[in-house]
Amino acid sequence: MTILEVTDLEKHFATQIAVNKVSFQLEEGSIFGLLGPNGAGKTTLIRMITGIFFPDNGNIRFQGRPFDPMQDIIRIGYMPEERGMYKKMKIGEQALYLARLKGLDSQQAYAKVKEWFIKFEMQSWWNKKVEDLSKGMQQKLQFVVTVLHEPKLIILDEPFSGLDPVNSNLIKDEIYGLARKGSSIIFSTHRMEQVEEICDHIILMNKGEKILDGSVGGVKQQFKENLFAVGVEEPASDGTSEAEANGWAPEAAGFEVVGRRGGQWVVKIRHGYRPNDVLRYFIDQGRSIVSFTEILPSLSDIFIRLVEGTPLARQFQPVNLER
Amino acid sequence: MSKMWLITRREYLSRVRRKTFLLSTFLLPVVFILFIAGAVLIQLKTKSHHEVAVVDANGFFKDYLKSDSTISFVFSPDIDTTNYATKGCSAVLIIPKIAAGGKTECRLKYKKSLGIEQTSALEDHVHQAVTDHMIYEQTSVSRAKLDSIRSQADITDVRSFEDIGPTAKASSQTSAYAIGYVSGILIYLLTFVYGAAVMRGVMEEKTNRIAEVMVSSVRPFELMWGKITGIGAVGLTQFLLWVILLGAIGAVAQAVVPHEALNNIPQTGPGGMAAASAAAKAGSSGFDLSKFIINTNMGLVLFCFLFYFIGGYLFYSALFAAVGSAVNEDPQEAQSLMLPITLPVVFSFVIMTAVVQDPTGPLATWASIIPFSSPIVMMARIPSGVPGAVPYWQLGLSMLLLVLGFLGTTWLAGKIYRVGILMYGKKPTWKIMWKWAFRSN
């Protein structure tokens, strides 16, 4: 079921278009990556979805109905990038306060806060003030107050910034858990490796426009460049480059050699040829093949290529090949 | 429970529970009382006594110049302009031969000025002496006889009554003045103190980066309005506690401090002393005040005070909230943006000090109707009488305009606020804030 449907959303500021005709859909229980460089319009888009800004044009449907910020806001949990807490307020009180602003009554709020505090081992913090917490602890608290009212839609803007790997994993597991329980998650970040790991579906924005939309696998397929890594068993060398030591390099009409990576040949299959042609060549050469893998571009490469408008190959070959 | 109520409650409780709230609530009246007591004491103690040597070419002044509690005249043949200081006199008065039909210039020589009040008293004494002497010369009525007539003649007293149809009621100018003055000052101070508290509260939300977290749960207007009402409630609480405390302290003071001392406070004091003397006067004229309380509609005065306090607070605190939302961490930025708000408040205060003297003039009328100044100025007029000094239509119009005024400023501030609290970076100008207010969002 589609929980959120955004159609031709537009937002203008004095002299610029912050969001220009952006459309996308978000399925229930999916984790959705909203990517884009700084100033791409991600925050403005999120602020429209959370009812902070009114769109100039276009419409938002939430759970199949037109989005009504007054009512639907309690079904949304938003953790903005610019986030914080009242520094002088006690943590327990603060969590209760924010929970109640999300529409929970005082008993529900207390039960939920307690449940999450136990889950994150935060019970002993109840009477501490926010200013006494470390940055990582504040982030955990921030996450808790974002999700404790069990929102149907959770929007997290750079949720892992300032977190160590242990706490990152803790939050990540919770994100998976919430998605399994049916919450949909919009995850806005610059950290591409996290997107690849967590998200099912992404859109990429640049200069207010959506320039890419698809599943993580689909996008990678879309931008693949027919690169394959071929691992062959070769005699031990004296320490210099294996290719030179053997005085041999693959060469065929069906592909070109792009370089070597971790003892494997990286080849780019030419137009009109297939991976089988590559394999056949290596077999014909009497080499025993130990591995054969397609190299897909990382999201980071695709991101940079699309945003900067540079060819994909130039961006990622040196990085991948000289590793 | 509505979200706004939750916000109001948090703003209220988080402030009332602070130690600084308790300290300021309980220490301020004490400091205020000490300040007034100190001012009174200083005025009593510093009232000096001067001995003025007289060098008289006429001979009759010795019998006609009367000494009093602050000036004594010394007639001694061996004191002159060269040695008066060494003989213990503050000044020497030289009176040449007086001739009828012209002005004779007497000269007062001193090393240190006697002050304007004493000098003018001295002038009166000289004039009185000449008058008494001429009466004797022309009618043979002696000075002793004149003095006795004067003391016998002191048998009239003028009391003012406010003419309100068939029943005239006694009124007291002094009490009206004092109550008007004190109310005006209180509203002025409270507007600033709590307006600034609203501004700091909004800035706190910005610097703590919680503004966006909050507006994803509540509407910006609810957040702003909740803050304003919460802090306003703190103000009312504090004010009520002060009234109770001051009442208690006042009762104790009236029992302990001699009434005579309080009555000796001069009617006007320079600059900052005005407040102290006005307040002291309110306390000193104990009988006046009780008469006033009986004869004036204290209920109306109290109601108007609360109305204008709340109205003025709402009117200005919304503007303070707008400024708080626009600036970043730097308090200096707030300062320059606050100027257009603080100026009308300060002007109102200045107007108020004039209006207490003349509560029915055109300045008083207009300044008490325009909402920028009405909270402070109207309170200086109301104790002088409704509908005597302030006709009903003026009071009604003033209240209506104040309500419309704060609805207007709240609406305007709300528009600025919703943009401002999400903005970080460069400090906006008033022009940019104006655009925020009138751009559709």
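**Exercise 1. Take stock of chain B.** What share of the 441 residues of chain B count as buried, and how many helices and strands does chain B have?

*Solution.* Start with burial: of the 441 residues of chain B, 37% count as buried. Keep in mind that this is a predicted model. Next, go through the secondary structure, where chain B comes to 17 helices and six strands. Finally, turn to the contacts in chain B with a separation of 6 or more: residues 24 or more positions apart account for 72% of them.

**Exercise 2. Do the corresponding bookkeeping for chain A.** How many helices and strands does chain A have, and what box do its C-alpha atoms fill?

*Solution.* Chain A has 12 helices and 14 strands. Along the principal axes, its C-alpha atoms fill a box of roughly 75 × 45 × 35 Å. For burial, the figure is 36% of the 323 residues of chain A. Among contacts in chain A with a separation of 6 or more, 68% come from residues 24 or more positions apart.

**Exercise 3. Describe how α1(B) packs on α8(B).** At what angle do helix α1 and helix α8 of chain B pack, and why are they called oblique?

*Solution.* Find the two helices, residues 3-16 and residues 220-256 of chain B; they pack at an angle of about 40 degrees, with their axes 7 Å apart. Angles under 35 degrees would count as roughly parallel, and roughly perpendicular begins at 65. The angle of about 40 degrees falls in neither range, so α1(B) and α8(B) are oblique to each other. The crossing of α1(B) past α8(B) is right-handed. Now look at who makes the contact: α1(B) contributes residues including M4(B), I7(B) and E11(B), while α8(B) contributes residues including W225(B), G230(B) and V234(B). Sorted by class, the residues of this contact are nine nonpolar, five polar and six charged.

**Exercise 4. Repeat the analysis for α3(A) and α4(A).** How close do the axes of α3(A) and α4(A) come, and at what angle do they cross?

*Solution.* The axes of α3(A) and helix α4 (residues 106-119) of chain A come within 9 Å and cross at roughly 125 degrees. Roughly perpendicular ends at 115 and roughly antiparallel needs over 145, so these two helices, α3(A) and α4(A), are oblique to each other. Here too, the handedness can be read off: α3(A) passes α4(A) in a right-handed crossing. On the α3(A) side the contact is made by G92(A), A95(A), L96(A), A99(A) and R100(A), and on the α4(A) side by S106(A), A109(A), Y110(A), K112(A) and V113(A). These residues comprise six nonpolar, two polar and two charged ones.

**Exercise 5. Locate the nonpolar cores.** Which residues have the most contacts inside the largest nonpolar core?

*Solution.* The largest core has 138 residues, and I155(A), A321(B), A322(B) and V323(B) have the most contacts inside it. Its largest share, 16 residues, comes from helix α12 (residues 298-326) of chain B. Another core, of 19 residues, lies apart from it and includes V55(B), L65(B), F73(B) and I79(B). Zoom in on I155(A): leaving out residues up to four places away in sequence, I155(A) touches I46(A), I49(A), T50(A), I76(A), Y78(A), M79(A) and I186(A).

**Exercise 6. Classify R305(A).** Is R305(A) buried, exposed or partly exposed?

*Solution.* Place the residue: R305(A) lies in helix α11 (residues 299-308) of chain A. Count its surroundings: 18 other C-beta atoms lie within 10 Å. Buried needs 20 or more and exposed 12 or fewer, so R305(A) is partly exposed.

Definitions and conventions:
Residues numbered from 1 in each chain as written. Chains lettered and ligands numbered in written order. Predicted model: local features only at pLDDT ≥ 70, side-chain atom pairs only at ≥ 80, totals over all residues. Axes fitted to C-alpha atoms, helices over the stretch in contact; angles between N-to-C directions. Helix = DSSP H or I, 4+ residues; strand = E, 2+ residues; numbered from the N terminus. Left-handed = near helix turned anticlockwise from the far one by under 90°. Contact = placed C-beta atoms within 7 Å. Nonpolar A, V, L, I, M, F, W, Y, C, P; charged D, E, K, R; others polar. Core = buried A, V, L, I, M, F, W, Y, C linked by C-beta atoms within 7 Å.
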